[in-house]
Each structure stands twice: as C-alpha cells, then as structure tokens.
Amino acid sequence: MKILAIIGSYRKHGNTARAVECIQHELELLASARGQTIENETLFLGELELDACRGCRTCFDRDEGKCPLKDGGLEMRARLLAADGLIVASPIYVDDVSGITKTWIDRLAFLCHRPALARQSVLLVTSVAGTPSDHAMRTLSTALLTWGAHIAGQVSFKMGALMPREDLPTLDAQAHRAARRLFDALQRREHERPSFISLMTFRIQQITWRGAPPGSVDHNHWLENGWLEPCCQFYIPHRASALKATLARWMGTLITRLVT
Ligand SMILES: Cc1cc2nc3c(=O)[nH]c(=O)nc-3n(C[C@H](O)[C@H](O)[C@H](O)COP(=O)(O)O)c2cc1C
C-alpha cells in the first residue's frame with residue numbers, strides 16, 4: 001500500500017512533520033503486524049514553491065493542462081492518483097489551514113468540477129498550538145470530499161509552538177488511533193462504501209454538470225465517465241446500502257432545487 005503525506009508547513013522538522021512521522025511509524029507497525037508493507041512518501045508543499053492561483057479559470061473552462069503557471073502544480077494530480085491513501089496535514093494559521101495548503105487546494109480546484117479521487121482514502125491532520133481546528137478541518141474536508149475522496153478520519157494535535165522531541169511520545173496514542181483509521185479504511189476498501197454526504201455531493205455535482213453547456217470540458221468529462229447516466233449514483237461502482245444511496249440522491253436533488 002502506498003501512502004502519500006502532503007505537509008503544508010515550511011518547517012520540515014516542525015510540529016506538523018513530526019505528527020505525520022508518528023502516524024507513518026504507526027502505519028508501518030500496523031502493516032508489519034499483518035505481514036504487509038507500507039510505502040510511505042512525504043511531500044513538503046514548501047519545497048514545491050507553488051504559485052498562487054491567478055483566477056484565470058483556464059483549468060475550469062479549457063483544461064487544467066493549459067494552466068499558465070508552470071511550476072509543477074499539475075504533477076500533483078498524478079501523485080495523488082498514484083497513492084492508495086493520503087495524509088493531508090496542515091498547521092493552523094489564524095484558525096484556518098496555512099497559506100501554502102490553501103494554495104495547493106486552489107491549484108487543484110479543477111478537481112471540484114472533475115473529481116478524480118474516489119479511489120483514495122484520506123486522513124486529515126492539523127497541528128495547532130492550542131485553539132480548536134474545526135474551521136481548518138472544514139476547509140480540508142470540503143475540498144477533499146468535493147474532489148471525490150473518502151475521508152477516513154480527522155485528527156488534530158495540540159503541540160504548542162514547537163513540541164520538544166522528548167514530549168513526542170505523548171502523541172503516540174492519538175497517532176495510533178489516527179493511523180488505525182486510515183489503515184482500516186484501506187484494508188476494508190471503505191471508499192467503495194461512500195458516506196451519505198459523499199453520495200449526496202455526487203448527486204449535486206451530477207445535476208450541476210448535466211446542466212453545463214454541451215461540449216464544455218466539464219460536461220464532456222462527466223459524460224465520458226458515464227456519470228450523467230440517470231442510474232449512476234457515484235464516481236465508481238459502490239457497495240453503499242440501497243437505502244442510503246436513494247436517500248442521499250433524493251437529498252442532493254432537493255438541495256440543488258432549493259439553491260438554484
Ligand atoms: C502565522 C501563524 C498563525 C498561527 N495561528 C494559530 C492559531 O490561530 N491557533 C493556534 O492554536 N496556533 C496557531 N499557530 C501555531 C501553529 O499552528 C502551531 O504551532 C503548529 O503546530 C505549527 O506547526 P509547524 O511547526 O508544522 O509549522 C500559528 C502559527 C503561525 C506561524
């Protein structure tokens with residue numbers, strides 16, 4: 001199993017990186033206890049020097065490959081798709097994710113129109129000095145859900161300005177629980193049992209892109225994937241219960257009618 005950790009902090013040895021290391025270590029222990037191996041890869045967004053989205057809408061209206069920013073931002077998509085599991089981690093900056101994490105989300109915003117991550121399970125991680133992480137978690141989960149990913153879990157580590165190395169073992173139990181959530185999601189192929197909210201998000205998108213101009217990039221993408229078929233309930237064949245899928249579809253239709 002391949003797990004890609006994306007770290008939205010410039011501090012390579014900072015709190016967020018340390019918290020992720022703890023989780024990666026726990027994942028390796030969980031895998032080896034079952035005679036399996038985990039391939040952990042870490043990507044520091046600070047090293048990519050991603051430029052901020054210019055808002056030109058080229059990725060939305062023409063194609064993401066035509067983005068005028070040539071800084072490797074696009075390679076991110078392939079790296080995400082190559083992993084079975086993702087750890088998306090950010091420090092909290094003034095109640096939200098860090099600037100580079102938000103830039104990363106914005107640069108991949110075309111995935112909100114053309115979701116691609118329905119086969120990936122994601123663990124969302126924040127590190128914070130002391131305040132709650134709810135707002136930042138909402139930022140992360142909204143993006144990842146809309147990109148089609150399965151949210152396996154969320155964990156927030158309270159670590160002060162920089163947690164001393166000797167205090168890191170106090171995080172072990174929390175890191176273990178978080179690793180367990182991601183590991184179990186991968187073992188059980190939980191992404192094939194999408195949540196109510198994932199199914200509902202799909203339905204809202206389906207109605208939206210069905211109404212997009214025929215021939216547009218988004219409409220074509222949904223058409224070519226078979227996602228506009230009336231019987232299609234999710235990006236991939238799923239094992240959610242028929243009742244959940246029907247209710248989510250109905251709720252998605254209702255919400256779309258109310259807001260458009
Ligand atoms: C610009 C900035 C803003 C921050 N805002 C908050 C905040 O709103 N609440 C909080 O508890 N900690 C805040 N912190 C502290 C960091 O979230 C915390 O120390 C985090 O673990 C740092 O992670 P890092 O070492 O990976 O950068 C802030 C730190 C910085 C540099």
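**Helix packing and ligand contacts**

Reader: What is the orientation of α9 and α11 to each other?
Author: This is a predicted model, in which local features need pLDDT of at least 70 and side-chain atom pairs count only at pLDDT 80 or more, while totals for chains, interfaces and linings use all residues. Residues are numbered from 1 along each chain as its sequence is written, and side-chain values use heavy atoms, with hydrogens and water left out. The axes (lines fitted to C-alpha atoms over the stretch in contact, with angles from 0 to 180 degrees between N-to-C directions) of helices α9 and α11 (DSSP runs of H or I, at least four residues, numbered from the N terminus) come within 8 Å and cross at roughly 45 degrees. Angles under 35 degrees count as roughly parallel, over 145 as roughly antiparallel, 65 to 115 as roughly perpendicular and the rest as oblique; α9 and α11 are therefore oblique.

Reader: Which residues of α5 meet α7?
Author: The axes of α5 (residues 99-107) and α7 (residues 134-146) come within 11 Å and cross at roughly 20 degrees, so the two helices are roughly parallel. On the α7 side, the contact (heavy atoms within 4.5 Å) involves T139, L140 and A143. On the α5 side, the residues are T101, K102 and I105.

Reader: How many residues surround the ligand?
Author: A residue counts here if one of its heavy atoms lies within 4 Å of the ligand. The closest are R11, T16, I92, S127 and G160. The number of surrounding residues is 17.

Reader: How far is a polar backbone atom of G160 from an oxygen atom of the ligand?
Author: Polar contacts with the ligand are pairs of N or O atoms within 3.5 Å. A polar side-chain atom of R11 lies 2.8 Å from a ligand oxygen atom, and an N or O atom in the side chain of T131 is 2.8 Å from a ligand nitrogen atom. For the polar backbone atom of G160, the distance to a ligand oxygen atom is 2.7 Å.

Technical notes: Polar contact = N/O pair within 3.5 Å; in protein donor to acceptor, adjacent residues only side chain to side chain.
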